[in-house]
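User: I'd like to learn how to read a protein model, one feature at a time. Can you walk me through one?

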Amino acid sequence: MDIRKKPIRVGMIGYKFMGKAHSHALRDLPFFFEPAGVPVLQAIAGRDEAALKQSAEKMGWSSYETDWRRLIERDDIDLIDIVTPNHTHAEMAIAAAQAGKHVLCEKPLARSVAEARQMRDAVNKAGVIHMICHNYRFAPAVQFAKKLIEQGRLGKIYHIRATFLQDWLMDPEFPLTWRLRKEVSGSGSLGDLGAHIIDLARFLVGEINEVVAMLETFVKERPLGEMDQHLRGRPGNGQRAPVEVDDAAVFLARFDNGALGVFEATRFSKGNRAGNRFEINGERGSLRWDMENMNNLQVYLDGDEAGLQGFRTINCTEVEHPYAAAYWPAGHIIGYEHTFINLMLELCNGIANGCNPAPNFEDGLRNQLVLAAVERSDQTGRWVKVMEMLDN
Ligand SMILES: NC(=O)c1ccc[n+]([C@@H]2O[C@H](COP(=O)([O-])OP(=O)(O)OC[C@H]3O[C@@H](n4cnc5c(N)ncnc54)[C@H](O)[C@@H]3O)[C@@H](O)[C@H]2O)c1
């Protein structure tokens, strides 16, 4: 490591799906970029010592702790990275902030607005750097979309239609894992998938003012069990329990700037594995992006010559595209894991330079307000103002 650069000693809590994505990103960051702060994979925490030891060795962590509180207490940790289920986020993030550690937390920030507010207040009070892991913002094509919008190439934005479609839950015998237990996850497809497209919409279009929504749980009861990192189920002891969260969330939104949004987040969309897509229409052009083809941005610009108008496909791997120059020559595409590397760059630069990157806990709280408004609208059958949820 370059000794002129600030080392950022990381302690990560959790070590499975997101644990792998974050570990890889932290390791690869200095390989591709020149961050002002260089992550050091200091320690991971979990509960199962044998699995923890094996994961620490495989993913390159120097040590481990079987109690996350012990990790937070350690003097040789600067940043706590939370990659555990949603019900643990608030307690861990608040404890980390109170111990003076910077915090990266997976999405959704929390299970409720009340928890998200406490987390936001705790990091502000402690004066630590904070970030929420909405990694899809960091795909070069999405960052390029943002640039085109900011340059005014689309003019005034009228529409966004965004989906996050999956199908791994359609088998009625798929087990009831932590993602389907309300006290653990907070909500179902809404908080898991909807939170990502809400973040993309806030990033690209602006703040959501009000929503009207429908939630549905198609399968009301499931066997208890676990799932693996490939989103496949492992049956448990045969016991069954009611499903308490939504399988699908659909909502309409009106933005502060007058744009209209149509959103759909579901785990019941056969054939769609990670259908994270958006289309944005402005007065002078449109953009389309699809996570499953994430290097490409489809762009329609009104200024094109008559007869040659149409959506063009831009492969966002040129040096002109955000983050792309750090990787490979043009056309040599990157993948899902690189979105996390780009996010870690912003976080480590933020910590080294003492300024908060985005999206941070303020964004996490804003996102949580929209999630809460969607739930309230489903319960009441009426439009709900997002900011009304702040006092709930
Ligand atoms: N950014 C993304 O694209 C993305 C993708 C998937 C999941 N997530 C989010 O990441 C978080 C983790 O999801 P995952 O898919 O990695 O889950 P996972 O089930 O694969 O892993 C969870 C990890 O947390 C550990 N853990 C659980 N309870 C704990 C506790 N009480 N104390 C200490 N460790 C505990 C488990 O041992 C495991 O290592 C969730 O908040 C989820 O919403 C984000």
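Analyst: We'll go from the overall fold to the sheets, then to a helix and a single residue. Keep in mind that this is a predicted model.

User: Let's start wide. How many helices and strands are there in the protein?

Analyst: You get ten helices and 17 strands. For overall shape, set the radius of gyration beside the globule rule: the protein has 21 Å, close to the 21 Å the rule gives for 392 residues, so it is as compact as a globular protein of that length. Along the principal axes, the C-alpha atoms fill a box of roughly 65 × 55 × 40 Å. As for burial, 49% of the 392 residues count as buried.

User: What share of the contacts join residues at least 24 apart?

Analyst: Counting contacts between residues at least 6 apart in sequence, 70% join residues at least 24 apart.

User: On to the sheets. In what order do the strands of the six-stranded one run?

Analyst: Read across that open sheet and you meet 3-2-1-4-5-6, with parallel pairing. Strand 3 (63-65) and strand 6 are at the edges with a single partner strand each, so one side of each has no neighbour in the sheet. From one strand to the next, the twist averages 25 degrees. For a closer look, take strand 1 (residues 6-13) and strand 2 (residues 37-45), which pair in the parallel sense over eight bridges. There, M12 stands opposite I44 in strand 2. Helix 1 (residues 17-32) packs on this sheet, touching strand 1, strand 2 and strand 4 (79-82), and its direction makes about 150 degrees with that of strand 2.

User: And the sheet of nine strands: what is its pairing?

Analyst: Mixed, in an open sheet with the order 16-15-14-13-7-12-11-8-17. Its edge strands are strand 16 (312-315) and strand 17 (384-385), each pairing on one side only. Inside it, strand 11 (residues 248-255) and strand 12 (residues 260-266) pair in the antiparallel sense over seven bridges. One pair to click on is L252 with its bridge partner V262 in strand 12. Helix 10 packs on this sheet and touches strand 8 (208-216), strand 11 and strand 17, its direction making about 55 degrees with that of strand 8.

User: Now a helix. Which residues are buried in helix 5?

Analyst: General idea up front: an α-helix has 3.6 residues a turn, so residues three or four places apart point the same way. In helix 5, the buried ones are E115, A116, M119, R120, A122 and V123. Looking down the axis of helix 5, you find its buried residues within an arc of 160 degrees, so they line one face of the helix. They pack against helix 4 (89-98), strand 5 (102-105), strand 6 (130-132) and helix 10 (361-380).

User: What span should the 14 residues of helix 5 have?

Analyst: At 1.5 Å a residue, residues 113-126 should span 20 Å, and the end C-alpha atoms of helix 5 are 20 Å apart, which agrees. After helix 5 comes G127, with a positive phi near 70 degrees.

User: Last one: a single residue. Is V384 buried or exposed?

Analyst: Count neighbours: 20 or more other C-beta atoms within 10 Å makes a residue buried. V384, in strand 17, has 22 and is therefore buried. Leaving out residues up to four places away in sequence, V384 touches E210, V211, A373, R376 and S377. By contrast, the C-alpha atoms of V384 and A325 are separated by 43 Å, with their positions 59 residues apart along the chain.

Notes:
Residues numbered from 1 in each chain as written. Predicted model: local features only at pLDDT ≥ 70, side-chain atom pairs only at ≥ 80, totals over all residues. Helix = DSSP H or I, 4+ residues; strand = E, 2+ residues; numbered from the N terminus. Expected span 1.5 Å × (residues − 1). Buried ≥ 20, exposed ≤ 12 C-beta atoms within 10 Å, placed from the backbone. Arc of directions from axis to C-beta. Contact = placed C-beta atoms within 7 Å. Pairing = 2+ DSSP bridges. Axes fitted to C-alpha atoms, helices over the stretch in contact; angles between N-to-C directions. Rg over C-alpha atoms; globule rule 2.2 N^0.38 Å.
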